[in-house]
Amino acid sequence: MSKPTITAFAASPDRGQGLARDMRVRWAFEEVGQPYDVRLVSFKEMKEPAHLGLHPFGQIPTYEEGNLVLFESGAIIFHIAERHAGLLPNDANARARAIGWMFAALNTVEPPVVELEQAEFIEGDKPWFKERLPGLKDRIRVRLTQLSKRLGRADWLDGAFSAGDLMMVMVLRRAEGTGLLEEHPNLVAYIARGEARPAYKRAFAAQLAVFTATQSTG
Ligand SMILES: N[C@@H](CCC(=O)N[C@@H](CS)C(=O)NCC(=O)O)C(=O)O
């Protein structure tokens, strides 16, 4: 694999909390020991033709390696995991289950979390928002309760740490601040286990460095 380039926010909307989705890709690179470059893009640049040629929806992250261009964090991490050891098990069935957990994180757990985020952002000042909030939170609560039950006392979702855990930890982190994770101490501990991994720490520090540099240069 030649050295890939990913895109990330030039100005961190979360002020360096590690929630922007390039963080998951950085973490995957760090887990497998693949060096990478980052091209920072502004919100304006993300909607311009050059970036739209890479990402039809005008978002980050993107991934470029030789003449391969990818978008969608799930597709990018799957690609990295397919080409390097360390993120997917060798056993075919365990591998299929780990991929299943990646989809579960993105397609079952992330949507209600993002729906709450979007509602807070777009409708947070509207009179009906207060009435909508409990329903939005309940939808997340259902998924967290189910996930907590399945995880039980295990360290990871299915045996050893995998790309499924990487994705799930990152998705759960998006629910921080809702007060819902605290209802499930095993999920809080699961996130902490992910965050304690040296690869996570390196990825977090690299994303934070972008925010810190922007701050110091104004
Ligand atoms: N499903 C996509 C979501 C990508 C996404 O929402 N990216 C955000 C940053 S974390 C973004 O670019 N937001 C700006 C926008 O949508 O205009 C993925 O997982 O890559």
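**Exercise 1. Locate Pro61 and describe the peptide bond before it.**

Pro61 is found in the loop between α3 (49-52) and β3 (62-65). Helices (H or I, at least four residues) and strands (E, at least two) are DSSP runs, numbered from the N terminus. Next, take the bond from Ile60 to Pro61: this peptide bond is cis, with omega near 5 degrees. Most residues other than glycine have a negative phi, and most peptide bonds are trans.

The model is predicted: local features need pLDDT of at least 70, side-chain atom pairs count only at pLDDT 80 or more, and totals for chains, interfaces and linings use all residues. Residues are numbered from 1 along each chain as its sequence is written, and side-chain values use heavy atoms, with hydrogens and water left out.

**Exercise 2. Place Arg15 and give its phi.**

Start with the position: Arg15 lies in the loop between β1 (5-9) and α1 (22-32). Then the angle: phi of Arg15 is near 55 degrees, a positive value in a residue other than glycine.

**Exercise 3. List the shell around the ligand and sort its residues.**

Step one is the list. Phe9, Ala20, Arg21, Arg24, Met46, Lys47, Gln59, Ile60, Pro61, Glu72 and Ser73 surround the ligand (a heavy atom within 4 Å). Step two is the sorting. The shell holds five nonpolar, two polar and four charged residues. Here Ala, Val, Leu, Ile, Met, Phe, Trp, Tyr, Cys and Pro count as nonpolar, Asp, Glu, Lys and Arg as charged, and the others, Gly among them, as polar.

**Exercise 4. Which polar atoms of Lys47, Glu72 and Ile60 lie by the ligand, and how much of the ligand is covered?**

Lys47 places a polar side-chain atom 2.5 Å from a ligand oxygen atom. For Glu72, a polar side-chain atom lies 2.7 Å from a ligand nitrogen atom. Ile60 uses the backbone: one of its polar atoms there is 2.8 Å from a nitrogen atom of the ligand. On its own, the ligand has 510 Å² of accessible area (Shrake-Rupley method, 1.4 Å probe), and the protein covers 79% of this.

**Exercise 5. Describe the fold and extent of the protein chain.**

Count first: nine helices and four strands. Then read the order from the N terminus: β-α-β-α-α-β-β-α-α-α-α-α-α. The radius of gyration is 18 Å, close to the 17 Å of the globule rule for 218 residues, so the protein chain is as compact as a globular protein of that length. This radius is taken over C-alpha atoms, and the rule is 2.2 Å times the number of residues to the power 0.38.

Key
Polar contact = N/O pair within 3.5 Å; in protein donor to acceptor, adjacent residues only side chain to side chain.
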